[in-house]
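Thanks, everyone, for making the time this morning. I would like to walk through one model, taking its charged pairs and then a few other features, so please have the sequence and the structure open as I go.

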Amino acid sequence: MPQLRPIAILTAILIAFSFLLGLWGFTTLAPGSTLLDRIYLSLQLFSIDGPTAESHLPFQLELSRFLAPLSLLLGLLATVFHISRDLLNNALLRFARGHVIIAGLNEISADFAADAIRIGHKVVIIDNDQDSPWIHDLKALGAVCLLANFTDNQPLLRARIHHASRFFAFTHNDSQNIELVIMVSDLLEQQPQKATKLLHCHTLLKDPNFQQAFREHSLLNTTSSSMSVSLINLEKLVARINLDMLPLEMDDDGQLYDNPRLILFGHSSISLALLLHSLQLGHFRTREKLSISLVTNQPDALKVKINRYFPQASEIAHIEIISAEDDTPCSLLQALRNSSSSGQSWHTLICADECENENFTLAQYLSIHAHDFSGRILCSLPTSPGLLTLLNSKSDGRHIYPLDRPATLANWQSLVDEPHASRARTIHNNYVSSERAKGKTRADNSSLTSWVQLPESTREQNRLQADHIPIKLRAIGIDIDHLPPHDELSSRLAENLELLAEMEHLRWNAALFSAGWKYAPGPKNPRLLTHPCLVAWDALTDEIKQYDRDAVMNIPQLLSHPKEARLDSKR
């Protein structure tokens, strides 16, 4: 479908060209006329009955008298076409079913909406900014844009929320995104008979406090026949993808290290997501706590963030906050050197402060001067092809790995299809099949439901269990991309069963500690977030240890025969 902006530019060029041709032509036809007369006559060319009485006109006027009205006609037709298209799309909205509604228009949601349209989805956008730079382009692609206030539920009703297939809360405000999802839930509860199918709600959240608070909301911990809710954290997705591609405990040649160390410079949303994912998955063959160093010139502000977002972090890892005099690369590296020796650790140094240009400068400095900290350097970069080219062509210092940008992951495949979570879905689906084969129902276990209706907190537990499988395999010298035959894999897992089961228990502990759970004797209490199994491996009963052993021995079934896999039922 043609876009209005290029046509408007073309129309303006044609009008200007026709007018200048007219001036030139009338100068040739009547050299003695005044400039005002020539301007007046040139403007008349844009009407059908313009000044054409002369039998022999200069070629400039011959061309201009046809081109001038044609350019106006082109602009008029394009305007009418686009106005009619908007009217038609809004009229057809009354009959829309199975469409996608996106609340909030920004760089991330605009890219996501365009991708959804390209793969065939009907998209309705709700936004309160009529001057948004993305509206015209998305309308040209076929999106329906409703300008309205987010605090009112009328735009949702007008967008036919009861008949939509998916709803995305994509504003830049976490609390507003949560309010939108709650508003949608209230609308569906008030008029449940109108809902024609399960509505999948996705809400974008960046602040870990909001994430944790909303994870505990009843919307995310109960199943519903009318809607499911998923949390989207692009920074968490960046961490998941990059730490999977560049493991903390392994170098580029595949050599494993028993004492990996994570060093973070800066405390942006991306660095906090990397810290959280490392806390959840940093459990290796030594079963020692992961060493994490946070280097900053604002130690007090960072301590507040750590205590607020990760109150149980000390249960999971050794975290050291290193204070630098200022934020210059030289000062940050010197503070790191003064705090502790580099030793024989394999280091992952991550430059991920809010100021991305400074990240690049720091990464460059570290690549040349931090030779006593062996390992790899990761860097959060601004959107600049030039910087990427510079990184790829640099000949001095260590290689710098650019972190994926959150905006580049704002596409349908990453956020909806979730290819990174395929093993997690398989784990859950086969757990459900296994439990139902034993005669259990949802009355016995609320988790016996489809993946989309599963509470978000449980979905995330499944994702983390799946994420840790490559780490377990690496611990016994197996590359998940080059698996041995099924029988050999099972045999090697059995030979190392206690090691891997303890790693699984540590991972499970970390997942719950990072979600705010604490140890307490007695039965599991989801309301108080207490669990009796949040203890060391040796303190577990053999019955509880068996859950972790089963999770390990089910890995071959999951990887080669996914339908036979089972989930760790300790959850």
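Let me begin with D252, which has a relative accessible area of 51% and therefore counts as exposed, since the cut-off for that word is over 50%. Please keep in mind throughout that this is a predicted model. D252 forms a salt bridge with R376, and the closest N and O atoms of the two are 2.8 Å apart. D252 lies in the loop between α10 and β7, whereas R376 belongs to strand β11, residues 375–379, so this pair ties together parts of the chain that are 124 residues apart in sequence. And R376, is it buried or exposed? At 3% relative accessibility R376 counts as buried, so the exposed D252 has a buried partner.

How many salt bridges does a search of the whole structure find? The search returns 15, and I will take up two others here.

In one of them the side chains of E460 and R240 meet, with a distance of 3.2 Å from N to O. E460 sits in helix α18, residues 456–475, and R240 in helix α10, residues 234–245, so the contact ties together parts that are 220 residues apart in sequence. Both E460 and R240 are buried, and the two also take part in a network of salt bridges that links R240, E460, R463 and D467.

The other pair is R549 with E498, where the closest N and O atoms are 2.7 Å apart. Here R549 comes from helix α21, residues 542–553, and E498 from helix α20, residues 497–514, which links distant parts of the chain, 51 residues apart. R549, at 9% relative accessibility, counts as buried, while E498, at 37%, counts as partly exposed.

Turning now from charges to helix packing, I would point you to helix α13, residues 329–339, and helix α14, residues 356–369, which pack at an angle of about 50 degrees with their axes 9 Å apart. The two helices are therefore oblique to each other, and α13 passes α14 in a right-handed crossing.

Finally, on the surface, L70, L73, L76 and L77 make a nonpolar patch of about 400 Å². Of these residues I would single out L76, which is placed in helix α3, residues 59–92, and which is exposed, with a relative accessible area of 53%.

I will stop there and take questions.

Methods: Residues are numbered from 1 along each chain as its sequence is written. This is a predicted model: local features need pLDDT of at least 70, side-chain atom pairs count only at pLDDT 80 or more; totals for chains, interfaces and linings use all residues. Side-chain values use heavy atoms; hydrogens and water are left out. Patches are made of residues with over 30% relative accessible area and no salt bridge: like charges are joined within 9 Å, nonpolar side chains (Val, Leu, Ile, Met, Phe, Trp, Tyr) within 5 Å. Accessible areas come from the Shrake-Rupley method with a 1.4 Å probe; for residues, only the protein chains shown count as cover. A salt bridge is a side-chain nitrogen of Lys or Arg within 4 Å of a carboxyl oxygen of Asp or Glu. Helices (H or I, at least four residues) and strands (E, at least two) are DSSP runs, numbered from the N terminus. Buried means under 20% relative accessible area, exposed over 50%, partly exposed in between (1.4 Å probe, protein chains only). Axes are lines fitted to C-alpha atoms, for helices over the stretch in contact, and angles run from 0 to 180 degrees between N-to-C directions. Angles under 35 degrees count as roughly parallel, over 145 as roughly antiparallel, 65 to 115 as roughly perpendicular and the rest as oblique. A crossing is left-handed if the near helix is turned anticlockwise from the far one by less than a right angle, and right-handed if clockwise.
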